[in-house]
Amino acid sequence: MRYQVENVLAVQAELGECPVWSVSEQALYFVDILAPALHRFDPQSGAHQVMPVAEHIGCFGLHHQGGFIAAMRSGVFQLDKQGQVVSRIAPNPGDAERSRFNDGGVDRLGRFWCGSLWEPQDRNGAKLCRVDEALQLTVQAEDIMISNGVAFSPDGRWMYQTDTPHGLLYRYPMDEQGEIGPREVVRQFAQGEGGQPDGAAVDSEGFYWAAMFDGSRVVRLDPADGRIVDEIPLPVRWPTMVAFGGADLKTLYITSSREDRSAEELETYPQSGDLFAVRVEVAGLPEPIFGMK
């Protein structure tokens, strides 16, 4: 398929991340981690709302009470519809001076998963955490440098995760209670192969769509063996994450970054940090809501 990528919001985010489509609102939410802010974009009207938040915000999910559950630098919080803190759910279980929460999302059973980023990048100091319906945070996995790409298979039997600097795509088996087993490597991306796997989403056929940071593309991977079956070239070098949206869930939204880029790089890629959309043939899945099975 020949894809037509459209720049739908020239937001120039420093580090755009975590697009989440609200089916009930027919609107897209996403974050600028470093601003820090939560954004709301209505593709029908073009309305764009920016909601500043108190600290670095890595990822969030839609909350069954309205508003959001969000993983920020110092911990996980419940936020209201304007991005203001309602309550703190749990502290960051790592070293908040050197790690912040990064990518994550809500699973098919309504629990919130959030991975962290080890900022010194001198060891695998990040964690993957889960917040359950009782608001208990538990560390589910370690031995990670930068946790990204959290996504879930349509049947809920698999959870996926990437470790971006290492170029690794993992999967974890999930049982009927949503407990995960030992991880296995689905694919190891080689250096110079066309970017590093960043944020991701799974479509209704179970295929895994990954933004390839520093690779100017999004790839669609076979979940069984990690084989690339399709790709979408992008006009930016640093895409960060994807989400399915639109009335038919066949619009793929793509966030991007301009963090730490030189003037020369930004001259070459002037749309860095913007929000993109492209129509695809296979629909995504409705975004699960925290606290709802």
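Q: Where in the chain's secondary structure is the place of Cys18?
A: In this predicted model, Cys18 belongs to strand β2.

Q: What makes the phi of Cys18 worth a remark?
A: Most residues other than glycine have a negative phi. Cys18 is not a glycine, yet its phi is positive, near 50°.

Q: How do you know whether Cys18 is buried or exposed?
A: The relative accessible area of Cys18 is 1%. Buried means under 20%, so Cys18 counts as buried.

Q: Why is Leu135 called partly exposed?
A: Its relative accessible area is 38%. The class of partly exposed residues lies between the limits of 20% and 50%, so Leu135 falls into that class. Leu135 sits in the loop between β12 (126-131) and β13, and its phi is also positive, near 65°.

Q: What kind of peptide bond joins Ala35 and Pro36?
A: The bond is cis, with omega at about -15°. Most peptide bonds are trans. Pro36 is found in the loop between β3 (27-32) and β4 (37-41).

Q: Why is strand β7 described as largely enclosed by the rest of the structure?
A: β7 covers residues 68-72, and five of its five residues are buried, so the description fits. The burial holds for both faces: Phe68, Ala70 and Met72 lie on one side, with Ile69 and Ala71 on the other.

Q: How do you know that β7 pairs with strand β6?
A: Two strands pair if at least two bridges are found between them. β6 (residues 57-62) and β7 share five bridges, in the antiparallel sense. One of these contacts is between Leu62 and its bridge partner Phe68 in β7. The two strands form a hairpin with five residues between them, and Gly66 in the turn has a positive phi of about 95°.

Q: What makes β7 and strand β8 a pair?
A: The same kind of test applies, with at least two bridges needed. Four bridges join β7 to β8 (residues 75-79), and the strands run antiparallel. Ile69 has Gln78 in β8 as its bridge partner. Two residues make up the link of the hairpin that joins β7 to β8.

Q: Which strands are the edges of the open sheet β10-β11-β12-β13, and what makes them edges?
A: This sheet has four strands in that order, with antiparallel pairing. The edge strands are β10 (99-106) and β13 (137-144), each of which pairs on one side only. On average, neighbouring strands of the sheet are turned by 25° against each other, direction ignored.

Q: How do you know that β10 is paired with strand β11?
A: At least two bridges are required, and six are present between β10 and β11 (residues 112-118), in the antiparallel sense. Val106 has Phe112 in β11 as its bridge partner.

Q: Why is the aromatic pair of Trp21 and Tyr253 called stacked?
A: A pair of aromatic rings is described by the distance of the centres and the angle of the planes. The structure holds seven such aromatic pairs. For Trp21 and Tyr253 the centres are 5.8 Å apart and the planes differ by 10°. Centres within 6.5 Å make a pair, and planes under 30 degrees apart count as stacked, so this pair is stacked.

Q: Which parts does the pair of Trp21 and Tyr253 tie together?
A: Trp21 lies in strand β2 (residues 16-22) and Tyr253 in strand β23 (residues 251-256), so the parts tied together are 232 residues apart in sequence. Both Trp21 and Tyr253 are buried.

Q: Why is the pair of Trp209 and Phe244 called edge-to-face?
A: The centres of the two rings are 6.0 Å apart and the planes stand at 85°. An angle over 60 degrees counts as edge-to-face, so the name applies. Trp209 lies in strand β19 (residues 208-213) and Phe244 in strand β22 (residues 239-245), parts that are 35 residues apart in sequence.

Q: How do you know whether Trp209 and Phe244 are buried or exposed?
A: Trp209 has a relative accessible area of 2%, and Phe244 has 6%. Buried requires a value under 20%, so Trp209 is buried and Phe244 is buried.

Q: What makes Tyr29, Phe60 and Phe68 a cluster?
A: Ring pairs link these residues to one another as a group.

Q: What lies over the face of Trp158, and how do you know?
A: Arg171 does, at 3.7 Å from the ring centre. The distance limit is 6 Å. Arg220 lies over the face of Phe207 at 4.0 Å from the ring centre.

How values were computed
Residues numbered from 1 in each chain as written. Predicted model: local features only at pLDDT ≥ 70, side-chain atom pairs only at ≥ 80, totals over all residues. Heavy atoms only, no water. Buried < 20%, exposed > 50% of the residue type's maximum accessible area, 1.4 Å probe, protein only. Lys NZ or Arg CZ within 6 Å of the ring centre and 35° of its normal. Axes fitted to C-alpha atoms, helices over the stretch in contact; angles between N-to-C directions.
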